[in-house]
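Biologist: Please take a close look at a single part of this chain and then follow it outwards into its surroundings. I would like the cut-offs spelled out as you go.

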Amino acid sequence: MKIEKSFYALAFGLLLAPLSVDAADVVVTVANSSDVQRQELVEIPVKDIYAKLGVANGEKFIVKNSLGQQVAYQVTYDGKLLIDASVRPKGTADFTIVKGQPKEMKTFVCGKQYPERVDDIAWENDRTAYRVYGPALQRTGERAFGIDVWLKNTPDLEVEKRYVTELSNHPKIEELKKAGKMAEALEMEQETTYHFDHGYGLDCYKVGPTLGCGAPALMSGGEMVMPYCYKTYKILDNGPLRFTVQLDYNPFKIGTDGNVVEHRIISCDKGSNFNKMTVWYDGLTKPCDMAAGVVIHSEDTKSVVYGDNYVLYADPTDNPAKQNFQIYVGVLFPNGVKATKSIMYDNPANGNAGHGVGLITYQPNEKYTYYFGSAWSKNDVRTLDEWKLRAEGTLNALHSPLKVTIK
């Protein structure tokens with residue numbers, strides 16, 4: 001009888017006891033040592049998670065927040081587990097990782113090549129979108145070198161829909177123009193083309209033969225030598241939290257080096273106004289100055305801000321008198337630069353007055369990393385002062401990353 005009572009007492013106690021994490025589960029703690037709220041992707045070596053869970057490499061698992069909800073995650077091409085962490089000042093956030101098949105995850109970041117639009121590669125996150133130009137455009141002779149910005153004021157994925165709408169209606173617009181029906185052509189253009197804002201954003205950033213927003217260029221004789229469009233590409237990550245693409249360019253000449261090849265790896269994360277750029281060059285035999293920056297347009301050459309490790313600009317758009325808003329662009333150099341400065345053209349053409357750049361001395365065979373990005377005055381950054389705060393906050397976060405521990 002005593003044994004029976006003891007058994008029931010033990011069973012009742014177990015029912016009342018709080019549920020604990022299974023011994024095979026993994027707890028990830030993200031700590032914020034700063035005195036400001038932080039929300040960003042944290043990176044964890046995924047091999048450590050597989051080992052602690054006791055599962056094979058590549059096997060699926062589930063990530064839950066402190067409330068027990070499943071959250072989106074991503075395993076990257078270079079073996080990192082990405083979790084989007086929001087952490088209070090001086091606080092911590094816990095995530096539990098368990099074996100199992102996760103629910104379908106919402107995609108916040110993605111990109112692809114658009115061969116139907118002269119090989120553009122375009123990508124976006126929940127803040128903005130970008131594109132680079134490909135070999136099909138180069139074959140046309142059009143001179144477009146740098147990185148383009150597409151504005152958004154929605155977290156939804158918009159780029160593919162914009163291409164479909166633009167490309168399906170463009171032939172009709174041209175037919176109307178040829179028929180002399182200019183009013184009808186303009187009306188259709190205003191209703192369909194991505195060069196007009198239909199309530200979700202638009203493309204009104206001018207690139208041409210410039211760095212655009214954030215491209216790099218080697219220096220020769222005080223001039224920037226910019227590669228043309230990319231030659232080959234490989235998409236390495238494609239959401240739900242990060243997009244990564246590698247771009248390789250055609251050989252070009254710098255000084256006595258006649259077969260220099262530029263390579264870039266660009267990644268864009270959920271929630272960030274900035275992309276990460278890692279650039280390196282094959283074929284260089286000696287150190288060479290390298291610039292990275294943004295084009296300064298003739299309509300506004302004054303709205304440039306130079307810091308020790310950043311260049312920011314309030315771009316006037318392709319039609320400032322009628323658009324009445326600004327595009328905020330910039331480059332950040334968390335690893336430092338020799339100088340930030342203007343390189344202006346003696347004879348500006350097509351509205352391109354020059355560039356605001358950071359300069360480094362590039363050493364042969366090194367990989368140099370910096371960040372480039374954008375915002376829109378009709379979306380999440382209203383003024384140049386706000387853009388400066390956003391840039392400085394991003395640099396502070398890069399210098400003091402969130403600390404991750406695994407148990």
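Modeller: Trp 123 stands opposite Tyr 130 in β9, and this pair is a good place to enter the strand. The model is a predicted one, in which local features need pLDDT of at least 70 and side-chain atom pairs count only at pLDDT 80 or more, while totals for chains, interfaces and linings use all residues. Residues are numbered from 1 along each chain as its sequence is written, and side-chain values use heavy atoms, with hydrogens and water left out.

Strand β8 (residues 120-124) is joined to β9 by 4 bridges, and the two run antiparallel; strands here are DSSP runs of E with at least two residues, helices are runs of H or I with at least four, and both are numbered from the N terminus. Two strands count as paired if DSSP finds at least two bridges between them. With 4 residues between them, β8 and β9 form a hairpin. Beyond this hairpin, β9 also runs antiparallel to strand β10 (residues 148-150), to which 3 bridges join it, and here Arg 131 stands opposite Asp 148.

In a regular strand the side chains alternate between the two faces of the sheet. Strand β9 (residues 129-132) is covered on both faces, with Ala 129 and Arg 131 buried on one side and Tyr 130 and Val 132 buried on the other; buried means under 20% relative accessible area, exposed over 50%, and partly exposed in between, with a 1.4 Å probe and protein chains only.

Val 132 also belongs to the lining of the largest cavity, together with Tyr 133, Ala 144, Phe 145, Gly 146, Tyr 228, Cys 229, Tyr 230 and Tyr 249. On a 1 Å grid over the protein atoms alone, a cavity is a set of points where a 1.4 Å probe fits but cannot get out, whereas a pocket is an open set with protein on both sides within 12 Å along at least five of seven lines, and lining residues have an atom within 4 Å of a point. By this rule there is 1 cavity of 30 Å³ or more, and the largest has a volume of about 30 Å³, where grid points are joined across faces, edges and corners and a volume is the space filled by probe spheres set on the points.

The largest pocket holds about 1,200 Å³ of space. Among the 42 residues that line it, Glu 40, Ser 272, Thr 394, Ala 397 and Leu 398 are the closest to its centre. Helix α7 gives the most to this lining, with 7 residues, and β14 (242-249) is one of the elements that each supply at least two.

Trp 123 leads in another direction as well, since the largest nonpolar core has 71 residues, and Trp 123, Leu 218, Tyr 281, Met 290, Tyr 370 and Phe 372 touch the most other members. Such a core is a set of buried Ala, Val, Leu, Ile, Met, Phe, Trp, Tyr and Cys residues joined through side-chain atoms within 4.5 Å. Strand β18 (residues 288-297) contributes the largest share of this core, 7 residues. Another core, of 21 residues, lies apart from it and includes Val 55, Leu 81, Val 87 and Phe 95.
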